[in-house]
Amino acid sequence: MSTINVNLADMRRNYSLKSLDESSIKRNPFDQFEIWFSEALNSEIPEPNAMILSTVSSDSKPTSRTVLLKGFDKTGFTFFTNYESRKSAD
């Protein structure tokens, strides 16, 4: 039995501050990502550069892991991963 006196249901954040409207999004996905990432930075959430990367192995088994976004521009995203890991080989 836990001795922590916290109501876990009360820890839920309200993520419905904005809605997604097709008429207001940028045509270029990198331009849109820059807006969203800026909003994440301004919200002061912990590690707004954490992202999920999913890959599929040669035997068609999917796997996902959390990586850290290190940069982005019009040509793509740069992230950190351990090149020596099994998942990196996927």
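A: Buried means under 20% relative accessible area, exposed means over 50%, and partly exposed is in between (1.4 Å probe, protein chains only). This is a predicted model, where local features need pLDDT of at least 70 and side-chain atom pairs count only at pLDDT 80 or more, while totals for chains, interfaces and linings use all residues. Residues are numbered from 1 along each chain as its sequence is written, and side-chain values use heavy atoms, with hydrogens and water left out.

Q: Let me try those classes. Is Ile4 buried or exposed?

A: Ile4 counts as exposed, because its relative accessibility is 63%. You will find Ile4 in the segment before α1. Helices (H or I, at least four residues) and strands (E, at least two) are DSSP runs, numbered from the N terminus.

Q: Which residues form a nonpolar patch on the surface?

A: A patch is made of residues with over 30% relative accessible area and no salt bridge; like charges are joined within 9 Å, and nonpolar side chains (Val, Leu, Ile, Met, Phe, Trp, Tyr) within 5 Å. Here the members are Ile4, Val6, Leu8 and Met11, and together they have about 460 Å² of accessible area. Such areas come from the Shrake-Rupley method with a 1.4 Å probe, and for residues only the protein chains shown count as cover.

Q: Now the sheet. What is the order of its strands?

A: Strands of a sheet pair through backbone hydrogen bonds, either parallel or antiparallel. In this model the sheet is open, with 3 strands in the order β1-β2-β3 and antiparallel pairing. β1 (50-56) and β3 (76-80) are the edge strands; each has a single partner strand, so one side of each is left without a neighbour in the sheet. From one strand to the next, the twist averages 60 degrees. Two strands count as paired if DSSP finds at least two bridges between them.

Q: How many bridges join β2 and β3?

A: β2 (residues 62-73) pairs with β3 over 5 bridges, in the antiparallel sense. The two strands form a hairpin, and 2 residues lie between them. To follow the register by eye, pick out Phe72, whose bridge partner in β3 is Phe77. Gly71 is another useful marker, standing opposite Thr78 in β3.

Q: Where does α1 lie?

A: α1 lies across β2 and β3, and it runs at about 90 degrees to β2. Axes are lines fitted to C-alpha atoms, for helices over the stretch in contact, and angles run from 0 to 180 degrees between N-to-C directions.

Q: Take a residue in that helix. Is Gln32 buried or exposed?

A: Gln32, which is found in helix α1, counts as buried because its relative accessibility is 8%. Leaving out residues up to four places away in sequence, Gln32 touches Ser24, Ile25 and Lys26. Contact here means heavy atoms within 4.5 Å.

Q: What does Asp31 form a salt bridge with?

A: Side chains of opposite charge can pair when their charged atoms come close. The cut-off for a salt bridge is a side-chain nitrogen of Lys or Arg within 4 Å of a carboxyl oxygen of Asp or Glu. Asp31 meets Lys74, and their closest N and O atoms are 2.1 Å apart. This pair links distant parts of the chain, with Asp31 in helix α1 and Lys74 in the loop between β2 and β3. Their C-alpha atoms are 8.1 Å apart in space, although the residues are 43 apart in sequence. Asp31 is partly exposed, because its relative accessible area is 27%, whereas Lys74 is exposed at 52%.

Q: How many salt bridges does the structure hold?

A: There are 2. Besides the one just described, the side chains of Asp59 and Lys61 meet at 3.9 Å, N to O. Asp59 counts as partly exposed, at 48% relative accessibility, and Lys61 is exposed, with a relative accessible area of 54%.

Q: One for the backbone: what is the phi of Ser60?

A: Most residues other than glycine have a negative phi, and most peptide bonds are trans. Ser60 has a positive phi of about 70 degrees although it is not a glycine. Ser60 is found in the loop between β1 and β2 and counts as exposed at 58% relative accessibility. Glu47, also not a glycine, has a positive phi of about 45 degrees. Look for Glu47 in the loop between α1 and β1, where it counts as exposed at 52% relative accessibility.
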